[in-house]
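Morning, everyone. I have one structure to walk through today. Let me put it on the screen.

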Amino acid sequence: MFKPEINFEVPLIPIVGDGFCFPYLVNLTVKKKVLGFLHIDMDVLDDIGNSLLQGDGKVWHLKKKKRIIRDPAGLLLLTLREKTLSWHNTWKVYRGEGSDRNDVLYTVKRSSTIQMKMQLDVFLASNINGEICDFHVKGSFTNQSFKVYKGNTVIAEVKERFKLGSFFKGREKFEVRVYPGVDYAFIVSILIIYNEIYGES
């Protein structure tokens, strides 16, 4: 069995919680399924196939979109809510079932209204001024692959494994590499929002 190289000197970046940070490289597989015309389901698996997180939500929305992330026991960890009438496609991420300002963990939005590149900025709730983002996401127009940066340092990479047959069946698959110390639940939430904003690009 593969044994990861452990580095206890790496600083932790616990955005959702310490329990989602490990002192070694974490490889995940994220499988997305569109179930009929009503429901979206996501399953996050580790490299041996254990389920770590589940995401779900409705396909169609009259007002604003909402996605939720649960742990394997079904406990609701995060609620992702799209801001209504936002030029920047802004999403707010709340702890648990929260919808109050005090429950916001971070905000994700497009870097600019007119984009030549697929880019998102992430602002933590503690970033009151909001002038400089805490994390930055840079993606590709050719697929749903992207990298997450803290400053100039890459902290996670996502690669879409595109198969035409799976796409027409409403299925998508992503490989996620989360660097040591980084909160993988946070990265999964970024993937979900990125897919919502740019999924039809």
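**Tyr106 and its surroundings**

I'll start at Tyr106. Leaving aside residues up to four places away in sequence, Tyr106 touches Ile15, Val16, Leu78, Trp91, Lys92, Val93, Val122, Phe123, Leu124, Ala125, Phe186 and Ser189. Keep in mind that this is a predicted model.

Where does Tyr106 belong? Tyr106 is one of the residues with the most contacts inside the largest nonpolar core. The others named there are Leu53, Leu78, Phe186 and Ile187. That core has 45 residues. Helix H2, residues 184-198, supplies the largest share of this core, with 12 residues.

Now the overall layout. The chain has two helices and 12 strands. Reading from the N terminus, the order is β-β-β-β-β-β-β-β-β-β-β-α-β-α. There are 201 residues in the chain, and 43% of them count as buried. The exposed area of the chain is about 11900 Å². Carbon and sulfur atoms account for 53% of that area. On contact range, take pairs of residues at least 6 apart in sequence. Of those contacts, 37% join residues at least 24 apart.

Next stop, Leu80. Leu80 sits in strand S5, residues 76-82. Is Leu80 buried or exposed? Buried, because its relative accessible area is 0%, against a cut-off of under 20%. Its neighbours, again not counting residues up to four places away in sequence, include Lys65, Lys66, Arg67 and Ile69. Leu80 also touches Trp91, Lys92 and Val93. Ser189, Ile192 and Ile193 are on the list too. Look at Val93 in particular. The C-alpha atoms of Leu80 and Val93 are 4.5 Å apart, though 13 residues separate them along the chain.

Two of those Leu80 contacts, Lys65 and Arg67, bring me to the charges.

The structure holds five salt bridges. I'll show three of them.

The pair Lys65 and Glu196 comes up now. Their closest N and O atoms are 3.1 Å apart. Lys65 is in the loop between strand S3 (51-58) and S4, while Glu196 is in helix H2, so to speak a link across distant parts of the chain, 131 residues apart. Lys65 counts as partly exposed, at 26% relative accessibility. Glu196 is buried, at 15%.

Then Arg67 with Glu196. Here the closest N and O atoms of the salt bridge are 2.8 Å apart. Arg67 lies in strand S4 and Glu196 in helix H2, so this pair ties together parts 129 residues apart in sequence. Strand S4 covers residues 66-70. The two side chains also register as a polar contact, at 2.8 Å. Why does Arg67 count as buried? Because its relative accessibility is 3%, and buried means under 20%.

The other pair is Glu175 with Arg161. Their side chains meet in a salt bridge at 3.2 Å, N to O. Glu175 is in strand S12, residues 171-178. Arg161 is in the loop between strand S11 (153-160) and helix H1 (164-168), so the pair ties together parts 14 residues apart in sequence. Glu175 is partly exposed, with a relative accessible area of 34%. Arg161 is partly exposed as well, at 41%.

One last point on the charges. Through shared partners, salt bridges join Lys65, Arg67 and Glu196 into one network.

That's my tour. Questions, please.

Note on methods
Residues are numbered from 1 along each chain as its sequence is written. This is a predicted model: local features need pLDDT of at least 70, side-chain atom pairs count only at pLDDT 80 or more; totals for chains, interfaces and linings use all residues. Side-chain values use heavy atoms; hydrogens and water are left out. Helices (H or I, at least four residues) and strands (E, at least two) are DSSP runs, numbered from the N terminus. Buried means under 20% relative accessible area, exposed over 50%, partly exposed in between (1.4 Å probe, protein chains only). A polar contact is a pair of N or O atoms within 3.5 Å; within protein, one must be able to donate a hydrogen and the other to accept it, and residues adjacent in sequence count only if both atoms are side-chain atoms. Contact means heavy atoms within 4.5 Å. Accessible areas come from the Shrake-Rupley method with a 1.4 Å probe; for residues, only the protein chains shown count as cover. A nonpolar core is a set of buried Ala, Val, Leu, Ile, Met, Phe, Trp, Tyr and Cys residues joined through side-chain atoms within 4.5 Å. A salt bridge is a side-chain nitrogen of Lys or Arg within 4 Å of a carboxyl oxygen of Asp or Glu.
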